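Hi everyone, thanks for making time for this. I'd like to walk you through a structure that may be new to you, so let's put it on the screen.

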Amino acid sequence: DGTTNYAHGFPCFCVSIGLQVREEVVLGVVYDPFHEEMFLAQKGQGAFLNNRPLSVSKIEKLSGSLVVTGFNWRSIRRNLQHFADFSRRVQGIRRTGSAALDLCYVAMGRFEGYWELMLSPWDMAAGSLIVTEARGKVTNFRGGPFSILSKQVLATNGRIHNEMVETLKMGNKRRKRGIKK
């Protein structure tokens, strides 16, 4: 994941492997060769970074959070509204270019939340399990059940999840009414 970053020598790329059995991701491995970080989770066994247990951050409010997102050409217009909405409510926003690492960074507490559209299952499978096993929360944008087939992901430390869902709903309501503010 992060192929464009790799091609340009930007050090935010990884190998991401997720194993799904009967519609459930049961194993996730993400390796960042530049930083020599190996993230690993097995369903029900916790999440680890280089064999040390992972846990999401303890930040309680969206206003004190550092969040991350991603863009691609198919989602940029829709996601720019979400980006604008979040920029008014968070401490900071980043865009790294690697969905798998963004999810792992939520799992380890570098970020409190992550959202992205138009993803493929291989972008989300490993990282979504790593977040869940680190005691985070992973859903769709409405806060409903997550599926690696849904093409969207919202992952948080769990504490700011409802605030992120509400922020995502703001942009959807405006879009439905035709308001471009």
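Let's begin with the sheet. Five strands, in the order β7-β6-β8-β10-β9, make up an open sheet, and their pairing is mixed. Please keep in mind as we go that this is a predicted model.

Which strands stand at the edges? They are β7, residues 92-95, and β9, residues 137-139. Each has a single partner strand, so one side of each is left without a neighbour in the sheet. As for the twist, neighbouring strands here are turned by 15° against each other on average, ignoring direction.

A helix goes with this sheet too. Helix α3, residues 99-108, packs on the sheet and touches β6, β8 and β10. Its direction makes about 155° with that of β8, which covers residues 113-117.

Now let me zoom in on β10, residues 152-156. As general background, strands of a sheet pair through backbone hydrogen bonds, either parallel or antiparallel. How do β8 and β10 run, parallel or antiparallel? They run antiparallel, and 5 bridges join them. On the other pairing, β9 is joined to β10 by 3 bridges, and these two strands also run antiparallel.

You can follow the register residue by residue. A155 in β10 has Y114 standing opposite, and V138 stands opposite A155 as well. For T156 in β10, the residue standing opposite is K137.

So how many residues of β10 are buried? The count is 5 of the 5, so this strand is largely enclosed by the rest of the structure. Both of its faces are covered. On one side sit Q152, L154 and T156, on the other V153 and A155, and all of them are buried.

While we are talking about buried residues, let me point out S65. You will find S65 in the loop between β5, residues 52-53, and β6, residues 66-69. Is S65 buried or exposed? Its relative accessible area is 0%, and anything under 20% counts as buried, so S65 is buried. Who surrounds it? Setting aside neighbours within four places in sequence, S65 is in contact with I59, V90, Q91, G92, E112 and I160.

Let's move on to the pockets. Here is the general idea: rolling a probe the size of a water molecule over the atoms shows where empty space is left.

The largest pocket has a volume of about 410 Å³. It is lined by 20 residues, and the closest to its centre are D1, G2, G97, E116 and D123. Two elements give two or more residues to this lining, namely α1, residues 3-7, and α4, residues 121-133. Which one gives the most? That is α1, with 3 residues. By type, the lining of the largest pocket divides into 6 nonpolar, 9 polar and 5 charged residues.

The second largest pocket comes in at about 300 Å³. Its lining is made of 13 residues, and E23, E24, V25, F146 and I148 lie nearest its centre. Here β2, residues 24-32, and α4 each supply at least two residues, and α4 gives the most, with 3. The lining of this second largest pocket divides into 6 nonpolar, 4 polar and 3 charged residues.

If you take one picture away, let it be β10, enclosed and covered on both faces. Thanks for listening, and I'm happy to go back to any part of the view.

Key. Residues are numbered from 1 along each chain as its sequence is written. This is a predicted model: local features need pLDDT of at least 70, side-chain atom pairs count only at pLDDT 80 or more; totals for chains, interfaces and linings use all residues. Side-chain values use heavy atoms; hydrogens and water are left out. Helices (H or I, at least four residues) and strands (E, at least two) are DSSP runs, numbered from the N terminus. Buried means under 20% relative accessible area, exposed over 50%, partly exposed in between (1.4 Å probe, protein chains only). Contact means heavy atoms within 4.5 Å. On a 1 Å grid over the protein atoms alone, a cavity is a set of points where a 1.4 Å probe fits but cannot get out, and a pocket is an open set with protein on both sides within 12 Å along at least five of seven lines; lining residues have an atom within 4 Å of a point. Grid points are joined across faces, edges and corners, and a volume is the space filled by probe spheres set on the points. Ala, Val, Leu, Ile, Met, Phe, Trp, Tyr, Cys and Pro count as nonpolar, Asp, Glu, Lys and Arg as charged, and the others, Gly among them, as polar. Two strands pair if DSSP finds at least two bridges between them. Axes are lines fitted to C-alpha atoms, for helices over the stretch in contact, and angles run from 0 to 180 degrees between N-to-C directions.
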